[in-house]
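Hello,

Here is the structure I promised to pass on to you. Please have a look, and find my notes below.

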Amino acid sequence: MVQNAKEEYYFLTEKLEEIDWALEGLCNDIDCDKYIYKDLLKKKYKSVIEHNFSCMAKLKSEKEAILRILSQRRYHKYRHEKCNVCKKEIDKLSPKNVIVSFTKPVKKDKLASSQWKGVWAHKKCSSKVKIPKGWNKFFCRIF
């Protein structure tokens with residue numbers, strides 16, 4: 001059951017990412033072509049509908065539904081973590097949080113040229129995250 005909840009969480013977050021990209025205008029699977037008026041199909045017109053014409057309301061309602069599902073208690077441990085600096089709870093899907101990333105070159109392994117490590121932190125706490133010895137710091141934003 002725990003593995004199933006984890007898989008569901010990752011599937012829903014991927015779907016949420018797709019919807020966010022579609023809302024920004026980067027449609028791929030969720031495309032505007034499947035939301036064409038029935039009258040135009042009856043008259044056999046080939047219409048071109050711009051993004052934002054017919055699919056925005058549907059995308060927004062899908063996003064709200066996924067966020068409601070992800071707020072359930074069984075996804076709490078996957079969605080929330082503690083900030084390494086202030087020790088307060090972080091919501092991974094909130095735009096107020098970032099991943100502070102560290103990289104370091106790997107000399108032993110010829111296939112991988114660098115090693116990556118990431119830590120969740122609030123935007124205001126991200127500058128206070130301590131850099132381990134031998135690592136380089138950079139910021140990454142998801143969502």
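Before the notes on charge pairs, one cut-off: a salt bridge here is a side-chain nitrogen of Lys or Arg within 4 Å of a carboxyl oxygen of Asp or Glu. By that rule, Asp20 and Lys63 form a salt bridge through their side chains, at 2.9 Å from N to O. Asp20 belongs to helix α1 (residues 2–23) and Lys63 to helix α3 (residues 56–70), so this pair ties together parts that are 43 residues apart in sequence. Asp20 counts as buried, with a relative accessibility of 16%, while Lys63 counts as partly exposed at 26%.

Please keep in mind that this is a predicted model.

**The overall layout**

The protein chain has 143 residues, of which 29% count as buried. It holds 4 helices and 5 strands. Read from the N terminus, the order of the elements is α-α-α-α-β-β-β-β-β.

**More salt bridges**

How many salt bridges does the rule give? The count comes to 5. As a general point, side chains of opposite charge can pair when their charged atoms come close.

Besides the Asp20 pair, there is one between the side chains of Lys58 and Glu62, at 2.3 Å from N to O. Both of these residues lie in helix α3, 4 residues apart, which is about one turn of the helix. Lys58 counts as partly exposed, at 35% relative accessibility, and Glu62 is also partly exposed, at 21%.

Another salt bridge joins the side chains of Glu81 and Lys92, at 3.1 Å from N to O. This pair links distant parts of the chain, with Glu81 in strand β1, Lys92 in the loop between β2 and β3, and their positions 11 residues apart in sequence. Is Lys92 buried or exposed? Lys92 is buried, because its relative accessible area is 17% and buried means under 20%. Glu81, on the other hand, is partly exposed, with a relative accessible area of 31%.

**Around Arg79**

Which side chain makes a polar contact of 2.7 Å with that of Arg79? The partner is Asp91, a residue of strand β2 (residues 89–91). Asp91 counts as buried, at 19% relative accessibility.

Ser94 can be placed relative to Arg79 too: the two are 15 residues apart in sequence, and their C-alpha atoms are 9.8 Å apart in space. Ser94 sits in the loop between β2 and β3 (97–105) and is buried, with a relative accessible area of 16%.

**Lys87 and its phi angle**

Most residues other than glycine have a negative phi. Lys87 has a positive phi of about 65°, although it is not a glycine. You will find Lys87 in the loop between β1 (80–82) and β2, where it is exposed, with a relative accessible area of 54%.

**A positive patch**

Finally, the surface. Lys88, Lys96, Lys124 and Lys128 form a positive surface patch. Of these, Lys128 lies in the loop between β4 (114–122) and β5 (136–140). Lys128 counts as exposed because its relative accessible area is 57%, and exposed means over 50%.

I hope you enjoy looking through it.

Best wishes

Methods:
Residues are numbered from 1 along each chain as its sequence is written. This is a predicted model: local features need pLDDT of at least 70, side-chain atom pairs count only at pLDDT 80 or more; totals for chains, interfaces and linings use all residues. Side-chain values use heavy atoms; hydrogens and water are left out. Patches are made of residues with over 30% relative accessible area and no salt bridge: like charges are joined within 9 Å, nonpolar side chains (Val, Leu, Ile, Met, Phe, Trp, Tyr) within 5 Å. Accessible areas come from the Shrake-Rupley method with a 1.4 Å probe; for residues, only the protein chains shown count as cover. Lys and Arg count as positive and Asp and Glu as negative; His and the chain ends are not counted. The place of a charge is taken as NZ of Lys, CZ of Arg, CG of Asp or CD of Glu. Helices (H or I, at least four residues) and strands (E, at least two) are DSSP runs, numbered from the N terminus. Buried means under 20% relative accessible area, exposed over 50%, partly exposed in between (1.4 Å probe, protein chains only). A polar contact is a pair of N or O atoms within 3.5 Å; within protein, one must be able to donate a hydrogen and the other to accept it, and residues adjacent in sequence count only if both atoms are side-chain atoms.
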